[in-house]
Amino acid sequence: MDFQFPVRTASLLYELDKKLMVLLRDGRTLIGYLRSVDQFANLVLHKTIERIHVGNQYGDIPRGIFIIRGENVVLMGEVDKEKEHCPQLQQVSVEDILNAQRKEQEVKQERSRMLAKRLKERGLSFVPDLINDDLF
């Protein structure tokens, strides 16, 4: 008896050995070469980097071989080699991008605390995961 991949997973076979960008459920962005996929859409990426964006800057952290559980993939697409380097973005060192990311998270947390305080003063409760940062 032959095992057949579901239609959704079978389409990933055409992406083998291509450079892909994968957006994960936790918000991380990975870029690497797809080396393997299974019936659950679990992925194996080779020469993987984790790309962190803050404003118009980005930094790449080398991650090597990366195994991704299929249920954690939000979005995936092939990287266009001609458009891979965006002139609007500036590449910075890993240390610089991690510092910028930390500062950005601190600002978001402070905004969240201030909003919670204002809502509490008005007798309302606050659920941080439901608030969109774009509202500020």
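The exercises below, each followed by a worked solution, go through a predicted model of a protein chain.

**Exercise 1. Establish which elements the protein chain contains and in what order they run.**

Begin with the inventory: the protein chain has two helices and six strands. Then follow the chain from the N terminus, where the elements come in the order α-β-β-β-β-β-β-α. To complete the overview, turn to the whole chain of 136 residues, of which 24% count as buried. Its accessible surface is about 10100 Å², and carbon and sulfur atoms hold 52% of that area. Among contacts with a separation of 6 or more, 46% join residues that are 24 or more positions apart.

**Exercise 2. Work out how the six strands are arranged in the sheet, and which of them are the edge strands.**

The general principle is that strands of a sheet pair through backbone hydrogen bonds, either parallel or antiparallel. Here the six strands make an open sheet with the order 5-1-2-3-4-6, and the pairing is mixed. Strand 5 and strand 6 are the edge strands, since each of them pairs on one side only.

Next, take the pairs in turn. Strand 2 and strand 3 run antiparallel and are joined by seven bridges, with threonine 29 standing opposite arginine 51 of strand 3. Strand 3 and strand 4 are likewise antiparallel, joined by 10 bridges, and here threonine 48 faces glycine 64 of strand 4. Strand 4 and strand 6, by contrast, run parallel and are joined by two bridges; glutamine 57 has glutamine 90 in strand 6 as its bridge partner.

**Exercise 3. Find the residues with a positive phi in the two hairpins and in the loop before strand 1.**

In the hairpin of strand 2 and strand 3, five residues lie between the strands, and alanine 41 takes a positive phi near 65°. Alanine 41 has this positive phi although it is not a glycine. In the hairpin of strand 3 and strand 4, two residues lie between the strands, and glycine 55 in the turn has a positive phi of about 60°.

The remaining case is aspartate 17, in the loop between helix 1 (7-10) and strand 1. Aspartate 17 is not a glycine either, yet its phi is positive, at about 70°. Its relative accessibility is 52%, so aspartate 17 counts as exposed, for which the value must be over 50%.

**Exercise 4. Identify the largest nonpolar core and the elements that give two or more residues to it.**

As background, nonpolar side chains tend to be buried together in soluble globular proteins. The largest nonpolar core of this model has 11 residues, including Leu12, Leu20, Leu34, Leu43 and Phe66. Two or more residues come from each of strand 1 (19-24), strand 2 (29-37), strand 3 (43-54) and strand 4 (57-68). Apart from this core lies another, of six residues, among them Ile52, Val54, Ile61 and Ile97.

To see one core member in its surroundings, consider leucine 34, whose contacts beyond four places in sequence include Leu12, Leu16, Asp17, Leu20, Leu43 and Leu45.

**Exercise 5. Decide whether aspartate 60 and lysine 81 are buried or exposed.**

Aspartate 60 is placed in strand 4. Its relative accessibility is 17%, and because buried means under 20%, aspartate 60 counts as buried. Its side chain makes a polar contact of 2.7 Å with the side chain of arginine 51. Beyond its neighbours within four places in sequence, aspartate 60 is in contact with Ile49, Glu50, Arg51, Gln91 and Val94.

Lysine 81 lies in the loop between strand 5 (73-78) and strand 6 (90-91). With a relative accessible area of 56%, lysine 81 is exposed. Its C-alpha atom is 8.6 Å from that of lysine 19, although the two lysines are 62 residues apart along the chain.

**Exercise 6. Check the span of helix 2 and list its buried residues.**

Helix 2 comprises 28 residues, 94-121, and at 1.5 Å a residue it should span 40 Å. The end C-alpha atoms are 41 Å apart, which agrees with that expectation. The buried residues of helix 2 are Ile97, Ala100, Ser112, Leu115 and Leu119, and strand 3 and strand 4 are among the elements that cover them. Just after helix 2, glycine 123 has a positive phi of about 80°.

Technical notes: Residues are numbered from 1 along each chain as its sequence is written. Side-chain values use heavy atoms; hydrogens and water are left out. Helices (H or I, at least four residues) and strands (E, at least two) are DSSP runs, numbered from the N terminus. Buried means under 20% relative accessible area, exposed over 50%, partly exposed in between (1.4 Å probe, protein chains only). Contact means heavy atoms within 4.5 Å. Accessible areas come from the Shrake-Rupley method with a 1.4 Å probe; for residues, only the protein chains shown count as cover. A nonpolar core is a set of buried Ala, Val, Leu, Ile, Met, Phe, Trp, Tyr and Cys residues joined through side-chain atoms within 4.5 Å. Two strands pair if DSSP finds at least two bridges between them. A polar contact is a pair of N or O atoms within 3.5 Å; within protein, one must be able to donate a hydrogen and the other to accept it, and residues adjacent in sequence count only if both atoms are side-chain atoms. The expected span of a helix is 1.5 Å times one less than its number of residues.
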